[in-house]
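Here are a few exercises to work through with the coordinates open. Try each task yourself before reading its solution.

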Amino acid sequence: MPVITGVRSGLRPATALAAVFLALAAVSAHGPAHAADGTGAVAEALRKSPVYVDPRAEKQLPKADADALARKIEDADRPVFVAVLPESAEFPQATLLKDLRALTGVTGVYAVRLGDGFNAAADAQVMSREAVANLKGAAGRSSPEDAGAQLNSFVEQALQQAGGSAPSSWGADGGDDSGTGLLVAAGVVVAVGAGAYALHRRSRKKKEERERTELEALRVVVDEDITAFGEELDRLGFSPSEPGATDDMRQDYAHALDAYDRAKTQMAGATRPHDVQQVTGTLEQGRFTLATLAARRDGDPLPEHRLPCFFDPRHGPSATDVRWAPQGGTPRPVPACAADAARMADGGEPQSRMVDTGHGRQPYWNAGPAYTPWAGGYFGGGGGGGMLGGLLVGTMLGGLISAPSAFAGTGAPAEDLPDGGDFSGADFNAADFGSGFGGGDSGSGFGGDFGGGDW
């Protein structure tokens, strides 16, 4: 019988029901349903739980460890799937990830331990290729002989960076697949079709709830930014009628006031986390205009339109570049305001923007994917282009922000795009799941198809 992988997110209810009856006709033509095997069995299991261990591979990840890993994923509410499989002809290395994603039918991050090899892939809207490649390479070099340590290393980072939420099908009763007769098979097909549509509705609701939570967290941070900008306007103390004021100064001041009012209006009207990007973009422009006004007033050279201070955009436009590295990462030049550059030159630490997270106060670049639009407005436009992904290589936001979708729309309405954990069936970009497994070279990280090569 044909494998039913779910109803595409964009289908209307009538179209979905039509697809169900077409599948029903196919069942009638092919006879009773049979239990899935090979990759199909793995996909069926992953629709019910985030972790699947083939009985032949239980020595790699014992049941207690697999259950603990599954709980970790479920508690984080992220669409991360893990499979531990033996090397076998029923799991073709070249197409395993692609086949697994197609048969599971859920957008997410997929990690597979196949024999001694490890590989991972993800739908682009859940995690960028760059982020997957970086995490995959790091996991490949992390305890390759210990499947449990390797998978936990990958999953812990993936849970912090993956977008979307867990599929609603996790934890649902699986039922008995041994039905007999065409009536039983027909009932199964109808139930699958109806369940897929109901799952789509639940996933959409779950996504909306998650976006509301993320927006409220961002609202606190952006309101602080807007307040700080208003205080800068007050401290400047400029009056359009003061002696020496020029038309250029008055125009700069009007633009700064407009940016302040527009940012407040934009934030008040924000309904999704992505809307925050235009607010911080407005604030970035306003701060540059304010710096220009201050220079005109003091008779200084007009400032270059540089990126904001990397450590805290509230510091205003950067004055220079300094060498900086994330914890355990490689040094790279980042834009800094004059005050932070002076602190670092004296051996001190810059005043980094800290935000609240589930793990306490953290610098914004370690705060998780919800802060992507906030950072994107500051560093994705204006005089900086889409540079933040390069600045943050090796940090939590780095891989996410390097994806083009962090700064630009895709052309499709956001409500029509499948989010992480949504059913999309086989409707996905196969190129995101195109790499194979290296021949057991899980420790090399970048060897052959396994590591950070082309997809």
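Two strands count as paired if DSSP finds at least two bridges between them; helices (H or I, at least four residues) and strands (E, at least two) are DSSP runs, numbered from the N terminus. The model is predicted, so to speak of a local feature a pLDDT of at least 70 is needed, side-chain atom pairs count only at pLDDT 80 or more, and totals for chains, interfaces and linings use all residues. Residues are numbered from 1 along each chain as its sequence is written, and side-chain values use heavy atoms, with hydrogens and water left out.

**Exercise 1.** Find which residues stand opposite Val109 of β3 in β2 and in β4.

Solution. Start with β2 (residues 80-85), which pairs with β3 in the parallel sense over 6 bridges. Here Val80 stands opposite Val109. The chain gets from β2 to β3 through helix α4 (residues 96-104), and this β-α-β crossover is right-handed (with the strands pointing away from the viewer, the path from the first strand over the helix to the second runs clockwise). Next take β4 (residues 117-122): its pairing with β3 is antiparallel, again with 6 bridges. There the bridge partner of Val109 is Ala122. Finally, look at the hairpin of β3 and β4: 2 residues lie between the strands, and Gly115 has a positive phi near 65 degrees.

**Exercise 2.** Sort the side chains of β3 by direction, and decide whether they are buried or exposed.

Solution. In a regular strand the side chains alternate between the two faces of the sheet. In β3 (residues 109-114), Val109, Ala111 and Arg113 point one way, while Tyr110, Val112 and Leu114 point the other way. Then check the cover: 6 of the 6 residues are buried (under 20% relative accessible area; exposed is over 50%, partly exposed in between; 1.4 Å probe, protein chains only).

**Exercise 3.** Work out how many disulfides the model has, and describe the surroundings of Cys309.

Solution. First apply the rule, a pair of cysteine sulfur atoms within 2.5 Å; the count is 0 disulfides. For Cys309, the nearest cysteine sulfur is that of Cys337, 3.8 Å away. Going the other way, Cys337 has the sulfur of Cys309 as its nearest, at 3.8 Å. Now classify both: Cys309 counts as buried because its relative accessibility is 0%, and Cys337 counts as buried because its value is 7%.
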